[in-house]
Amino acid sequence: MKILVTGGTGYIGSHTCVELLDAGYEIVVIDNFSNSQPDVLDKIKMITRKDFKFYKGDVCDKEILQMIFKENKIDAVVHFAGFKAVGESVIKPLMYYRNNIDSTLSLLEVMNEYNCKKIVFSSSATVYGKPDKLPIKENFSLKTTNPYGATKLMIEDILRDLYISDNDWSIAILRYFNPIGAHASGLIGENPNDIPNNLMPYIVKVATKELECLNIFGDDYDTLDGTGVRDYIHVVDLSKGHIKAIEKVIKDKGVDAYNLGTGRGYSVLELVNTFMKVNNVKINYKIVGRRPGDIDACYADPSYAKEKLGWSASLGIEQMCKDAYNFIKKIEEM
Ligand code: WQD
């Protein structure tokens, strides 16, 4: 089985490439390094001791996609490529709509041309907006509060319409909650090039003193300690969910969405305190005002993914904190 992985050198993409290779799949990767580094390719090969083909390019470019499908018999696609920063999407909506929608349309058109109709799509819990109740189930209403989330929801709708037009398609939509952590080897992980938007990469940069102090955005939310609650999931658990989703689209036709979360919410302060405890490191922080657009709490009901994909998360918050720090320490050693 040969799987095309778009955005395969990104944070979740690279971890999924490792799991696919370890599970015995052949992979082909396309990436334009807009949010990743070329050396991730070597790291994936070091971890798995396996080789694979790589194409440098933009998924919007149908010519390179046609070349990939002409040169390789692709059985299924895992589609990660896309911009993913909520704040940036508010400032640059046209860039987000153009890139995320255009690339997906190009990919689906070329897949159709080559009769490859099995796809796993990287969606996000952000499509639920502010949930009416918790935990979140897949049949909850979908509404978004920013252009990034809107692109994810639009692509989900495109995939649902595609299946209605042609029941030969096999489509798994994976709604990620909050992926954090890194591969146990410490060779791959999350290392944004600029000031991190997300909580864990910011904590890690404060731990390594690259950044001085963590700003905690609000402690007046309707949660146990007033800070925001999220469903943090180890990126390796998340990546293993993609293997189960690939097995599903290889086996069954249809389109369906699955929550990939742990079902357990942790507050910002709980995460910070856990990180300090397990890594024996001090994190300077101060409470500041709320970040516009943030919601009080968000965590998954993961039972549908368990029932339909036979998948559930197994790694806990302490392991997520250990692995996140271990990755950055390894980078500093290099
Ligand atoms: C988590 C909590 C913040 C940074 C976003 C996207 C989502 C997905 C994951 C792509 C919140 C608080 C954060 C900081 C803080 N991305 N926080 N100080 O916003 O839940 O989800 O990233 O798929 O689609 O929406 O993640 O890590 O930014 O925030 O206090 O410096 O940490 O208020 O409560 P979020 P996050």
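**Salt bridges**

I began with the salt bridges of this predicted model and found that the structure holds 19 of them.

I looked first at Lys137 and Asp301, whose side chains meet in a salt bridge with an N to O distance of 2.5 Å. I then placed both partners in the fold: Lys137 sits in the loop between strand E5 (118–124) and helix H6 (147–165), and Asp301 in the loop between strand E14 (297–298) and helix H10 (303–309), so the pair ties together parts that are 164 residues apart in sequence. I checked the accessibility of each partner. Lys137 is partly exposed, its relative accessible area being 37%, whereas Asp301 has a relative accessible area of 13% and is buried.

I turned next to Arg291 and Asp294, whose side chains form a salt bridge at 3.0 Å, N to O. Arg291 is partly exposed at a relative accessible area of 33%; Asp294 also counts as partly exposed, at 24% relative accessibility.

I also noted the salt bridge between Glu307 and Lys308, in which the closest N and O atoms are 3.8 Å apart. The cut-off for a salt bridge is 4 Å, so I kept this pair in the record. Glu307 counts as exposed, with 56% relative accessibility, and Lys308 as partly exposed, with 37%. Elsewhere, I recorded one network in which salt bridges with shared partners join Glu156, Asp157, Arg160 and Arg175.

**Ligand site**

I asked which residues come nearest to the ligand. Of the 18 residues around the ligand, these are Tyr148, Leu199, Asn215, Arg230 and Asp294. I had already met Asp294 as the salt-bridge partner of Arg291.

I then listed polar contacts to the ligand. A nitrogen atom of the ligand lies 2.8 Å from a backbone N or O atom of Asn215. A polar backbone atom of Phe217 is 2.9 Å from an oxygen atom of the ligand. In the case of Arg291, an N or O atom of the side chain is 2.9 Å from an oxygen atom of the ligand. Arg291 thus enters my notes under two headings, having also been entered for its salt bridge with Asp294. I looked up the coverage of the ligand as well: taken alone, the ligand exposes 690 Å², of which the protein buries 89%.

I asked where the largest share of the shell around the ligand comes from. It comes from strand E8 (residues 214–217), with four residues. Sorted by class, the shell around the ligand has eight nonpolar, seven polar and three charged residues.

**Strand E4 and its partners**

I finished with strand E4 (residues 76–79) and asked which way its side chains point. Ala76 and Val78 point one way, Val77 and His79 the other way, and all are buried.

I followed the pairing of E4 to each partner. Strand E1 (residues 2–6) runs parallel to E4 and is joined to E4 by four bridges; in this pairing, Leu4 stands opposite Val77. E4 also pairs with E5 in the parallel sense, over three bridges, and here His79 of E4 stands opposite Phe121 of E5. I noted a link back to my opening entry, since strand E5 (118–124) is one of the elements that bound the loop of Lys137.

Conventions:
Residues are numbered from 1 along each chain as its sequence is written. This is a predicted model: local features need pLDDT of at least 70, side-chain atom pairs count only at pLDDT 80 or more; totals for chains, interfaces and linings use all residues. Side-chain values use heavy atoms; hydrogens and water are left out. Helices (H or I, at least four residues) and strands (E, at least two) are DSSP runs, numbered from the N terminus. Buried means under 20% relative accessible area, exposed over 50%, partly exposed in between (1.4 Å probe, protein chains only). A residue is near a molecule or strand if one of its heavy atoms lies within 4 Å of it. A polar contact is a pair of N or O atoms within 3.5 Å; within protein, one must be able to donate a hydrogen and the other to accept it, and residues adjacent in sequence count only if both atoms are side-chain atoms. Accessible areas come from the Shrake-Rupley method with a 1.4 Å probe; for residues, only the protein chains shown count as cover. Ala, Val, Leu, Ile, Met, Phe, Trp, Tyr, Cys and Pro count as nonpolar, Asp, Glu, Lys and Arg as charged, and the others, Gly among them, as polar. Two strands pair if DSSP finds at least two bridges between them.
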